[in-house]
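Dear colleague,

I am passing on to you the structure that we spoke about, and below it you will find notes on what turned up when it was examined. Please keep the structure open while you read, so that each place can be looked up in turn.

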Amino acid sequence: MARLNLLEETRFEKLPVSVFENEDIAAKKVALRISDIIKSKQRRGENAVLGLATGATPVGVYEELVRLHQEEGLSFKNVITFNLDEYFPMQPEAKQSYVRFMDENLFNHIDIRKDNIHIPDGTLEKEEITDYCLAYEQKISAVGGLDLQVLGIGRTGHIGFNEPGSAPNSGTRLVTLDDLTRRDASRDFGGKENVPTKAITMGIGTIFKAREIILMAWNKKKAPIIKKAVEGEISSSVPATYLQLAENVEFILDKEAASELTRFDTPWLVKDCLWDESLIKKAVIWLSRKLQKPILKLTEEDYNANGMAQLITDQGTAYDINIKVFNILQHSITGWPGGKPKADDSQRPERARPARKRSVIFSPHPDDDVISMGGTFIRLVDQGHDVHVAYQTSGNTAVWDTDVLRYVEFAIDFNKSIGDDTSKLEATYDKMWKFFSKKKPNDIDIPEVRDVKAFIRKTEAIAGARYAGLNDENIHFMALPFYETGKKVKKPMTEKDVKLTMELLQEIKPHQVFTAGDFADPHGTHIVCFHIVLEALNELRKTEEWTKDCWLWMYRGAWQEFHVHEIEMAVPLSPQEVEKKRNAIFQHQSQKDRPVFPGDDEREFWVRAEERNRETAEQYHKLGLANYEAMEAFVRWKF
């Protein structure tokens, strides 16, 4: 019976999928599979032949393999490896090379023989590549073929660098990279313009010859392409769908990467559900949007014809369910994000008391506060709350080098105008010029440059907060240590980061904390900052009485927005408030027009924010609620 239930749940899935609670657990499972293959081959006196991948996805697997070697004695002396791909052209010592990646993450830490390592050569002359690729295939065949091929997946659906349009029988070859693939790699190269346009990759036909294939994917950014690869039709536009034809393939996912699969996203279509309030809300909103009908116009026939008959059977009539969900959505809308004084708050998202709350807005970068919740920020101040903003990082990697020179030139001219000596400034300016003239993509800025970039972001943040109505004493700059590396990729959070955050919270003792729950940030800063705030509050909750009356609200906006079924507080904005929010964002001039790191979204931040806020309001309206100009959305974190 259990097997039949599983088959029903996964009937939309066209290949085997295993889903784990998180990336760490999943990575260890894959590492154990690899370890078992290596040991099995050792017992038979044979070599284990592994196809390996690069990128962020397999890093946890390699970490666990290194641990197994160093702590449990797993030997790699009988292991032969073939990597999937390499950028072209690419020098092996370059920071972005896959040779360097594999050495730093795996090979330098285990006892593998160097002549058993094979990685496509990015230093070849172009006319040598065809023969080289043929020889690469022959080497794989000569050692008996791949026992296991490990794969990641790109957001274009590529496996290896087999981009859309690749043939299912393709072999190792030189390919042209998709624009989205190059955008995703841009952080490693200091900009998309520095990413190679080509790569050498194993072909899909080569991958298919492996006796086992494991494709891994972590985090929500991969969820849309995973759904296409697992449930979609086989198509050259999504090369990973070809894996549906493989005999021994398995997708290993964490919950976030699997979240858009039918069994998790719309489970009522594949099984009987336990209908709690959040699932009812999600299902009814899904039905309303699918049929393009307001919630209050949904009928029992609509429910029955769209896989939701069980909901009516369990929960009552369509009319009652519609009213219930409509009221939940209605009650999420409030013009009083700090609570409405002297009002019944039983149906409101925030408490009425105390009437004047202490609120802290944590902003990962110096502009996330106004981009993501600028309207609510201004509303909280206008309604008399004691609002503080805490800028968690300096944001000093996201300023153009030309801005640095311009600001120092201004400082020199200003000092001259008031008769001050400028010799030190001019010497620093010359040092910066010399550095910039030799600077390569992803080089770490010299300290003087990092300082000026931080000063630029700081003055802009002060201007934005002042525009929102804050006094300077309520503006806090934290400069959390995890960020201050000078690199695009930051360190994990540290005890010092948490301690600094605890000290600020202890000083203010807020009733409300707002923090970024926007984990699509391509640099990972938002999620690190979120975990720092969460860890600080969890620690304080052990001893501090005031924390029992402190609510944590998550906002989004810079990189994505909450789905309507997730929203617990929606703050409507008038046209005038939208304009005020825009003006607050405009205070951040270094991020105007073209920011250093735009991510996937080429729109300016103020445009993104306005269009997302308007889209949220439009979605509420289509569900049958009032038609507002825009809405900012929040979800409460439950401790």
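Lys509 counts as partly exposed, because its relative accessibility is 32%, and a residue is called partly exposed when that value falls between 20% and 50%. Please keep in mind here and throughout that this is a predicted model. Lys509 sits in the loop between helix H18 and strand E14 (512–516), and its phi is positive, at about 50 degrees, although Lys509 is not a glycine. Ala479 is another residue other than glycine with a positive phi, in this case near 45 degrees. You will find Ala479 in the loop that runs between strand E13 (475–477) and helix H18 (495–508), and with a relative accessible area of 42% Ala479 is partly exposed.

Ala479 also leads to the second largest pocket, which holds about 210 Å³ of space. Sixteen residues line this pocket, and those closest to its centre are Ser394, Ala454, Lys458, Ala479 and Glu484. Which helix gives the largest share of the lining of this pocket? That is helix H17 (residues 447–468), which contributes seven residues. Sorted by class, the lining of the second largest pocket is made up of eight nonpolar, five charged and three polar residues.

Enclosed spaces were searched for as well, and the whole structure contains three cavities of 30 Å³ or more. The second largest cavity has a volume of about 60 Å³, and its lining is formed by Asp367, Ile371, Ile585, His588, Gln591, Lys592, Glu604, Phe605 and Trp606. In terms of class, four of these lining residues are nonpolar, three are charged and two are polar.

From strand E14, which follows the loop of Lys509, one can go on to its partner, strand E15, since E14 and E15 pair in the parallel sense over five bridges. Within this pairing, Thr515 has Met554 of E15 as its bridge partner. On strand E17 (residues 630–637), by contrast, the pairing with E15 is antiparallel and consists of four bridges, and there the bridge partner of Tyr555 is Phe634.

Is strand E15 itself largely enclosed or left open by the rest of the structure? Strand E15 (residues 551–555) has five of its five residues buried, so the strand is largely enclosed by the rest of the structure. In a regular strand, the side chains alternate between the two faces of the sheet. In E15, Trp551, Trp553 and Tyr555 point one way while Leu552 and Met554 point the other way, and all of them are buried.

A further sheet is worth finding in the model: it is an open sheet of three strands in the order E4-E8-E7, and its pairing is antiparallel. Strand E4 (85–88) and strand E7 (173–176) stand at the edges with a single partner strand each, so one side of each is left without a neighbour in the sheet. From one strand to the next, the twist of this sheet averages 30 degrees. Four bridges join E4 to strand E8 (residues 198–201) in the antiparallel sense, and the partner of Phe88 in E8 is Lys198.

Phe88 is also part of a cis peptide bond, which joins Phe88 to Pro89 with an omega of about -5 degrees. Pro89 belongs to the loop between E4 and helix H4 (98–105). A cis peptide bond is found between Arg353 and Pro354 too, again with omega at about -5 degrees, and Pro354 is located in the loop between helix H13 (318–332) and strand E11 (358–363).

The cysteines come last. A disulfide is a covalent bond between the sulfur atoms of two cysteines. How many disulfides does a search of the whole structure find? The search finds zero disulfides. Cys529 is in none, as the nearest cysteine sulfur, that of Cys550, is 17 Å away, whereas a disulfide would need the two sulfur atoms to be within 2.5 Å. Cys529 counts as buried, because its relative accessibility is 0%, and Cys133 is buried as well, with a relative accessible area of 3%.

With best wishes

Definitions and conventions
Residues numbered from 1 in each chain as written. Predicted model: local features only at pLDDT ≥ 70, side-chain atom pairs only at ≥ 80, totals over all residues. Heavy atoms only, no water. Buried < 20%, exposed > 50% of the residue type's maximum accessible area, 1.4 Å probe, protein only. 1 Å grid on protein atoms, 1.4 Å probe; cavity = no way out; pocket = protein on both sides within 12 Å on 5 of 7 lines; lining within 4 Å. Points joined across faces, edges and corners; volume = space filled by probe spheres on them. Helix = DSSP H or I, 4+ residues; strand = E, 2+ residues; numbered from the N terminus. Nonpolar A, V, L, I, M, F, W, Y, C, P; charged D, E, K, R; others polar. Pairing = 2+ DSSP bridges. Axes fitted to C-alpha atoms, helices over the stretch in contact; angles between N-to-C directions.
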